[in-house]
Amino acid sequence: MPLPRLSALLMSSALAVIALSMLSGCDTGAIPIATPVISTTPTSATLPTGIPRPSATPKVVVIGTSTPTPIPEAERRFVPVFSYHHVRDWEHADTEDDRAYIMPPSKLEAQLNYLHENGYQAVTAEQVAAYYASGRPLPDKPVMLSFDDNVDNQYTSAVPLLKKYGLNATFFVMTVTIDKENFMTGEQLKELDGEGFDIQPHTWDHRMVTEYETEADWQQQIVEPKKTLEELLGHPTQYFAYPFGVYDARAAGKLKDYGYKAAFRLRDVMDEVADPLFAIKRYIANGYWTQDQFETVVTGGWE
């Protein structure tokens with residue numbers, strides 16, 4: 001499936017993002033989103049070899065009802081959080097920038113196999129937020145896998161691999177895409193939620209939060225997507241991922257006001273004043289990464 005072009009709907013966001021040459025961001029499929037410049041130097045990629053059939057449901061780490069002893073703030077460790085987008089083979093029509101956001105299934109499988117073989121456990125947005133907020137303990141080797149924008153090849157290509165290796169993931173959903181061509185349907189999202197996967201909001205149509213000027217903007221992009229997913233799934237959705245990783249303290253405060261508990265940026269700190277719980281770091285899972293580069297990020301070697 002070739003990546004489509006920018007639409008008029010998001011042209012204003014695209015122009016702003018192109019100026020942010022050092023930021024990483026999101027690419028979506030049929031809903032066109034600008035592709036920011038990736039700061040990681042591209043390296044050659046191994047071609048995918050196909051996707052195995054799923055053999056198990058994810059091993060979801062459940063937060064117990066008892067109150068565990070909190071981890072002191074000084075002892076809280078790095079938690080690697082990854083942001084994936086398309087999961088498919090590279091195609092001839094894909095540009096160099098496109099390919100940074102396209103993870104070939106064979107490379108994803110190698111990454112998930114590494115996590116599985118080395119004892120990592122995939123945790124949810126809620127668990128990561130609770131760890132940073134209050135020191136609620138995590139498994140010994142936690143990692144958070146997240147997939148942005150609701151692209152349908154996440155369902156067809158990534159989910160079988162996650163199930164095969166018993167790993168959970170968070171799906172940050174741009175709600176305008178639900179039931180649209182090339183994106184996941186409401187029924188698929190309900191199915192994933194029922195299997196223990198984590199479903200959370202990612203705005204309505206991927207506009208950067210720093211662009212909102214009116215209360216109507218906040219309602220459309222922040223309030224309504226949360227409500228849409230909560231009505232679809234039947235439970236709260238209180239964790240958010242910023243489009244393009246762009247945020248500021250004002251946006252962080254607004255999210256808190258509207259009932260969110262935490263939000264995820266990308267690598268760069270953009271506002272030192274923002275509540276750290278609303279600026280949790282993620283890394284773009286770059287399609288050009290070698291396995292060694294992936295392992296470097298997992299083990300905290302790339303800050």
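Eleven salt bridges are present in the structure, which is a predicted model. Three of these pairs are described below, together with the packing of two helices and the surroundings of one proline. The protein comprises nine helices and ten strands, and 53% of its 303 residues count as buried. Among contacts with a separation of 6 or more, 71% join residues that lie 24 or more positions apart.

**Salt bridge R88–D94 and its network**

- R88 and D94 form a salt bridge in which the closest N and O atoms are 3.0 Å apart.
- Both partners, R88 and D94, are buried.
- The pair belongs to a wider arrangement, as R88, E91 and D94 are linked in a network of salt bridges.

**Salt bridge E195–K163**

- E195 pairs with K163, and the closest N and O atoms of this salt bridge are 3.0 Å apart.
- E195 is located in the loop between α6 (186-194) and β7 (198-201), whereas K163 belongs to helix α5 (residues 152-164), so the salt bridge ties together parts that are 32 residues apart in sequence.
- The relative accessibility of E195 is 24%, and E195 therefore counts as partly exposed.
- K163 has a relative accessibility of 13% and counts as buried because this value falls under the 20% limit.

**Salt bridge K190–E187**

- A salt bridge also joins the side chains of K190 and E187, with an N to O distance of 3.6 Å.
- K190 and E187 are three residues apart in helix α6, so about one helical turn separates them.
- K190 counts as partly exposed, at 37% relative accessibility.
- E187 has a relative accessible area of 55% and is exposed because this value is over the 50% limit.

**Packing of helices α3 and α9**

- Helix α3 (residues 105-117) packs with helix α9 (residues 291-298) at an angle of about 45 degrees, and their axes are 10 Å apart.
- The two helices, α3 and α9, are therefore oblique to each other, since an angle of about 45 degrees lies between the limit of 35 degrees for roughly parallel and the range of 65 to 115 for roughly perpendicular.
- The crossing in which α3 passes α9 is right-handed.
- On the α3 side the contact involves A110, Q111, Y114 and L115, which meet Q291, F294, E295 and V298 of α9.
- By residue type, this contact of α3 with α9 divides into five nonpolar, two polar and one charged.

**Surroundings of P142**

- P142 is found in strand β5, which covers residues 142-148.
- With a relative accessibility of 7%, P142 counts as buried, because the value is under 20%.
- Apart from neighbours within four places in sequence, P142 is in contact with R77, V79 and P80, and also with Y120, Q121 and V123.
- One of these partners is P80; P142 and P80 are 62 residues apart along the chain, and their C-alpha atoms are separated by 7.5 Å.

Definitions and conventions:
Residues numbered from 1 in each chain as written. Predicted model: local features only at pLDDT ≥ 70, side-chain atom pairs only at ≥ 80, totals over all residues. Heavy atoms only, no water. Helix = DSSP H or I, 4+ residues; strand = E, 2+ residues; numbered from the N terminus. Buried < 20%, exposed > 50% of the residue type's maximum accessible area, 1.4 Å probe, protein only. Contact = heavy atoms within 4.5 Å. Salt bridge = Lys/Arg side-chain N within 4 Å of Asp/Glu carboxyl O. Axes fitted to C-alpha atoms, helices over the stretch in contact; angles between N-to-C directions. Parallel < 35°, antiparallel > 145°, perpendicular 65-115°, else oblique. Left-handed = near helix turned anticlockwise from the far one by under 90°. Nonpolar A, V, L, I, M, F, W, Y, C, P; charged D, E, K, R; others polar.
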